[in-house]
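Q: Please take a close look at one part of this protein, the open sheet, and describe how it is put together. Then set it beside the metal site and the backbone features worth checking.

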Amino acid sequence: MAHYRKVGRVPTKRHTRFDNGSGGIFYEELMGEEGFSSDSSLLYHRHIPAAISEVSEWMLPDQALVANSPLLPRHYRLPALFESASVATTDVVKGRRLILGNGDVRISYVVAGAISSLYRNAIGDELVYVESGQGVVETSFGVLPFTTGDYVVIPRATPHRWVPDGEVCCYIVEATGHVAPPKRYLSRYGQLLEHAPFCERDLHAPDEPLLVEETEVELLVKHRGPGNTITGTAWVLPHHPFDVVGWDGCLYPYTFNISDFEPITGRIHQPPPAHQVFEGHGFVICNFVPRKVDYHPMAIPVPYYHSNVDSDEVMFYCGGDYEARKGSGITQGSVSLHPGGHTHGPQPGAMERSIGVDFFDELAVMVDTFAPLLVGEGALASEDDSYYRSWSRGTSS
Ligand SMILES: [Fe+2]
């Protein structure tokens with residue numbers, strides 16, 4: 001996010017005395033990526049941001065991952081993981097259930113209605129796709145309203161909490177490192193280029209500070225454990241972390257709504273890179289949105305069979321009726337995992353049905369990883385174990 005933003009009060013000159021009006025000063029914090037060599041922001045706190053009063057262990061929900069073995073394409077029905085009776089007491093931070101993951105990225109899902117704890121992910125950026133629902137995310141940078149279809153991008157180590165307004169369904173991508181628009185969409189100075197399917201106007205960030213005066217406040221921190229494991233620590237802070245009177249810079253949380261993604265279409269099939277929206281280390285994120293499809297007179301609009309020999313592909317089906325998967329059992333809230341080593345593509349009959357069709361009403365978020373994905377407890381608990389046979393149920397020619 002190389003787009004400068006200023007919110008609240010900041011001193012005229014960085015790294016200089018900033019009087020708080022009560023005989024003291026505000027405390028400057030530089031929050032920056034890649035060791036002072038990438039995007040950063042300067043935040044001005046009422047209290048010392050390093051202060052910790054107490055510490056204890058935060059026991060995370062099950063983070064175990066097992067191999068996709070035997071190697072198979074998989075289908076998970078995520079809505080089956082949450083009972084409506086428990087939604088009011090489930091929150092987006094502690095209630096998420098791990099679906100898939102590797103050393104670069106972890107994907108989880110939650111249906112929640114409760115306000116979350118204060119939380120900081122010290123491993124990487126979080127990109128939360130809001131499948132349905134609305135509310136706000138309160139952060140140390142200010143308040144971020146969210147609604148159905150938003151990607152909520154929260155930089156690594158940002159203190160925040162989720163405040164849903166009713167039930168929300170969230171598909172959560174936790175990076176090891178950072179998430180940003182693809183480099184090929186950016187000018188050499190970081191502006192989104194004309195050929196990018198979205199622009200700066202489509203990104204929404206806090207526009208005023210959020211100040212809370214409270215003492216002895218718990219903050220949950222997710223961080224690295226021994227041997228690359230994921231673990232948690234609970235700190236009690238002497239003052240609430242929402243004490244920032246102003247900040248400026250190029251690093252901050254923001255939202256982008258999937259309906260603002262302008263699809264790139266063509267005479268013949270457009271491959272996934274045309275649908276890319278974000279990238280992280282070791283993975284990319286694409287979205288398939290309602291769109292006019294291929295207009296060559298002989299075009300087959302659904303994809304050809306493909307073997308992405310270097311990738312595992314995860315599709316989250318979050319709206320419409322995904323054209324190429326019709327007949328497979330996949331529906332709203334489903335996730336498919338198509339691992340490297342398997343050739344995948346349309347379900348039987350989908351190619352033939354798509355000929356002459358000029359519009360697809362489908363909405364899906366795809367994560368392609370470059371290291372194999374392992375399977376979490378949420379996947380094991382929601383699997384449709386007949387999916388791998390869905391291609392062999394059809395005809396051949
Ligand atoms: Fe694919």
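A: What follows goes through the sheet strand by strand, then turns to the surface, the metal site and the backbone. The model is a predicted one.

The sheet is open and holds four strands, in the order S1-S19-S3-S2, with antiparallel pairing. Its edge strands are S1 and S2, each of which pairs on one side only. On average, neighbouring strands are turned by 15 degrees against each other, direction ignored. As background, strands of a sheet pair through backbone hydrogen bonds, in a parallel or an antiparallel way.

Start at the S1 edge. S1 and strand S19 (residues 244-249) run antiparallel and are joined by four bridges. In this pairing Gly8 stands opposite Gly246 in S19. S19 is joined in turn to S3 by five bridges, again with the two strands antiparallel. Here His45 stands opposite Val244 in S19. The last pairing is that of S3 with S2: six bridges join them, and they run antiparallel. Leu30 stands opposite Leu42 in S3.

How covered is strand S3? Strand S3 spans residues 40-45 and is mostly covered, since five of its six residues are buried.

Two loops belong with this part. The loop between strand S1 (5-8) and strand S2 (27-32) holds Ile25. Ile25 has 35% relative accessibility and therefore counts as partly exposed, because the partly exposed class lies between 20% and 50%. Together with Tyr27 and Ile48, Ile25 makes a nonpolar surface patch of about 250 Å². The loop between S2 and S3 holds Glu34. With a relative accessible area of 54%, Glu34 is exposed. Its phi is near 55 degrees, which is positive although Glu34 is not a glycine.

Which other backbone features deserve a check? Most residues other than glycine have a negative phi, and most peptide bonds are trans. Glu216 also has a positive phi, near 50 degrees, in a residue other than glycine. Glu216 is placed in strand S17 (residues 215-224), and its relative accessible area of 48% makes it partly exposed. A cis peptide bond, with omega about 0 degrees, joins Ser69 and Pro70. Pro70 sits in the loop between strand S4 (54-57) and strand S5 (74-77).

Now the metal site. Which protein residues are the donors of the iron ion? The donors are His306 through NE2, Glu313 through OE and His344 through NE2, and they lie 1.9 to 2.1 Å from the ion. Along the sequence the donor residues are spaced H-x6-E-x30-H. Glu313 is in strand S24 (residues 312-320), while His344 is in the loop between strand S25 (334-338) and helix H1 (350-354), so this pair ties together parts that are 31 residues apart in sequence. Glu313 and His344 are both buried.

One further residue can be placed in the same way. Arg291 is found in strand S23 (residues 291-292). Arg291 has a relative accessible area of 9% and is buried. From C-alpha to C-alpha, Arg291 and Ile264 are 8.6 Å apart in space, and they are 27 residues apart in sequence.

To return to the sheet: its edges are S1 and S2, and the order across it is S1-S19-S3-S2.

Note on methods
Residues are numbered from 1 along each chain as its sequence is written. This is a predicted model: local features need pLDDT of at least 70, side-chain atom pairs count only at pLDDT 80 or more; totals for chains, interfaces and linings use all residues. Side-chain values use heavy atoms; hydrogens and water are left out. Donors are N, O and S atoms within 2.8 Å of the metal (3.2 Å for Na, K and Ca); water is not among the atoms, so sites may look incomplete. Buried means under 20% relative accessible area, exposed over 50%, partly exposed in between (1.4 Å probe, protein chains only). Patches are made of residues with over 30% relative accessible area and no salt bridge: like charges are joined within 9 Å, nonpolar side chains (Val, Leu, Ile, Met, Phe, Trp, Tyr) within 5 Å. Accessible areas come from the Shrake-Rupley method with a 1.4 Å probe; for residues, only the protein chains shown count as cover. A salt bridge is a side-chain nitrogen of Lys or Arg within 4 Å of a carboxyl oxygen of Asp or Glu. Two strands pair if DSSP finds at least two bridges between them. Axes are lines fitted to C-alpha atoms, for helices over the stretch in contact, and angles run from 0 to 180 degrees between N-to-C directions.
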